[in-house]
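I opened this model to look up its cores, its aromatic pairs and a few strands. My entries follow in the order in which I made them.

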Amino acid sequence: MHAGLRITAFAAALAATFGTAYGVGKGVDPVVEDPAPARHESHGEASPDPAGGGDHGGHETMPAGGLQISEGGYTLDLRTTTVTAGKRSDLSFAIRDSAGRAVTAYQREHDKELHLIVASRDLATYRHVHPTRAADGTWSIPVELPRAGGYRVFADFTPAKKGAENLTLGADLAASGTYAPRQLPAPNATAKVDGYEVRLDGALRPGKEGELRLKVSRNGNPVTDLQPYLGAYGHLVALRSGDLAYLHVHPGGEPGDGRTKPGPEISFTATAPSSGTYRLFLDFKHQGQVHTAEFTVRAGTAAAGSPAPAHEDGAEEHGH
C-alpha cells in the first residue's frame, strides 16, 4: 500500500459548522483533491490535526493506504457517492483495471476476496463489511449510516494476477442530513463493548514494527475460547486521524499454525506510516457473534497501552 494523492470529501469544508444541513446538489462533484498537509519543523512540536488528534510528524516514514482512488493500474469506481443518513441504501462499486475493465478475479485473503471499510471523517462511525460480487465485477452491499457527514470507503483486495500486490483504494461518500461533528475520543487502553472488556498493550510506532497485544475478558474473567474470524482470532484496522490513512495490520499467527491460541490474548504486528493519532478497530468473534472494540492511540509519543482519561460521553458506535 502506497501513499498518493489525498482524495477527500468535500464534507471537510462543513466540519467547522455545528448542526448545519449536509447535502449534495446534483451539479456538485463530491470528490475533490485536498492540498498536501503542511510539514512540521524538525523540532517535532505537535500541531492539531483536522480531527483534533494531533500532528502527523512531518513526513511519512512508510507507505500508507487508502489515500488515493487509483494505484498500480487499478481504480476504485464508487458508483454510489451519496446516501441519506439513517436510511438503508445499496452501496455499489467496481474495481477497474488500466483498460477500464471491471476486475472479476481476486485472490482470497483473510477468507474474503475483498474487504470493505466505511468510516466517517470524524472516526465516530466504522463499518467492516463484505459485499457480494456479481458476474460482471460489480460489488454491492446494503448499508445504513447513522449520521450525516463525510465518509471514506476503503476497498482492500489483491487481484488474481501473477505478481499482483495487495492494494487499498479509497473514495469519498457523503451522507445527507443534519450534520453534527464529534470530537475524537481521548486515548484509551481499555475498551468496553457488548459486555466484554478489551485491554490494549504495546506501542504503535512510526516507521518501526511493533507488537500490539489485546486481551479479551468478560465479567472479569479471561475469554479463552475466541472463535476464528477472517482466518485469525482477531482482525485489526487502524485509521489515522485527519486524512484517514489506512493501516491494515497483521495477526501474529493464524489459527492452527501453532503460534496462536484461541484467546484471551490476540497479538498483531504493525508499523504506523507516521507519528500522530490513530483509531484502532478490533473485530473479534465469540459465541457466534462478532464484536468491535475501539481505541484511540498516539503513535510516536507514547505506548498504545498507556492509561489515559476516559472519553467524557462514554458513547461508542460499533460496526456490527
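These are my notes on strands, cores, ring pairs and one glutamate.

**Entry 1: the model.** I am working from a predicted model.

**Entry 2: the largest core.** I started with the nonpolar residues. The largest nonpolar core has 28 residues. I noted Leu204, Leu280, Leu282, Phe284 and Phe295 as the members with the most contacts inside this core. I then looked up which strands feed it. At least two residues of the core come from each of strand 14 (190-193), strand 15 (196-202), strand 16, strand 18 (235-240), strand 21, strand 22 (276-286) and strand 23 (289-299). Apart from this core I found another, of 26 residues, which includes Val103, Leu116, Val118 and Tyr151. As background, nonpolar side chains tend to be buried together in soluble globular proteins.

**Entry 3: Phe295.** I asked which residues Phe295 is in contact with, leaving aside its neighbours within four places in sequence. The list begins with Asn188, Ala189, Thr190 and Ala191. It goes on with Val198, Leu200 and Leu214, and ends with Tyr278, Arg279 and Leu280.

**Entry 4: strand 21.** I read strand 21 (residues 265-270) side chain by side chain and found that they alternate. Ile266, Phe268 and Ala270 point to one face and are buried. Glu265, Ser267 and Thr269 point to the other face and are not buried. For a partner I found strand 16 (residues 210-218), which pairs with strand 21 in the antiparallel sense over 6 bridges. Within strand 21, Ile266 stands opposite Leu214. Leu214 was already on my contact list for Phe295.

**Entry 5: the open sheet.** I moved on to a sheet of 5 strands. It is open, its order is 4-5-7-11-10, and the pairing is antiparallel. Which strands are at the edges? They are strand 4 (70-71) and strand 10 (132-133), each pairing on one side only. Inside the order, strand 5 and strand 7 are joined in the antiparallel sense by 4 bridges. I noted Phe93 in strand 7 as the bridge partner of Leu78.

**Entry 6: aromatic pairs.** How many aromatic pairs does the structure hold? I counted 7. I looked at Tyr74 and Phe157, whose ring centres are 6.5 Å apart with the planes at 75°, so I logged the pair as edge-to-face. This pair links distant parts of the chain, with Tyr74 in strand 5 (residues 74-78) and Phe157 in strand 12 (residues 149-157), 83 residues apart. Tyr74 counts as buried because its relative accessibility is 12%. Phe157, at 1% relative accessibility, also counts as buried.

I then took Tyr106 and Trp139. Their ring centres are 5.4 Å apart and their planes are at 75°, so this pair is edge-to-face. Tyr106 is in the loop between strand 7 (88-96) and strand 8 (114-120), and Trp139 is in strand 11 (residues 138-144), 33 residues away along the chain. Both Tyr106 and Trp139 are buried. Ring pairs link Tyr74, Phe93, Tyr106, Trp139 and Phe157 into a cluster.

**Entry 7: Glu144.** I ended in strand 11, where Glu144 lies. Is Glu144 buried or partly exposed? Glu144 counts as partly exposed because its relative accessibility is 41%, between the 20% and 50% cut-offs. Leaving aside its neighbours within four places in sequence, I found Glu144 in contact with Gly86, Lys87, Arg88 and Arg127. The C-alpha atoms of Glu144 and Leu91 are separated by 9.5 Å, and the two residues are 53 residues apart along the chain.

Notes: Residues are numbered from 1 along each chain as its sequence is written. This is a predicted model: local features need pLDDT of at least 70, side-chain atom pairs count only at pLDDT 80 or more; totals for chains, interfaces and linings use all residues. Side-chain values use heavy atoms; hydrogens and water are left out. Buried means under 20% relative accessible area, exposed over 50%, partly exposed in between (1.4 Å probe, protein chains only). Two strands pair if DSSP finds at least two bridges between them. A nonpolar core is a set of buried Ala, Val, Leu, Ile, Met, Phe, Trp, Tyr and Cys residues joined through side-chain atoms within 4.5 Å. Contact means heavy atoms within 4.5 Å. Rings of Phe, Tyr and Trp (its six-membered ring) pair if their centres lie within 6.5 Å; planes under 30 degrees apart count as stacked, over 60 as edge-to-face and the rest as tilted.
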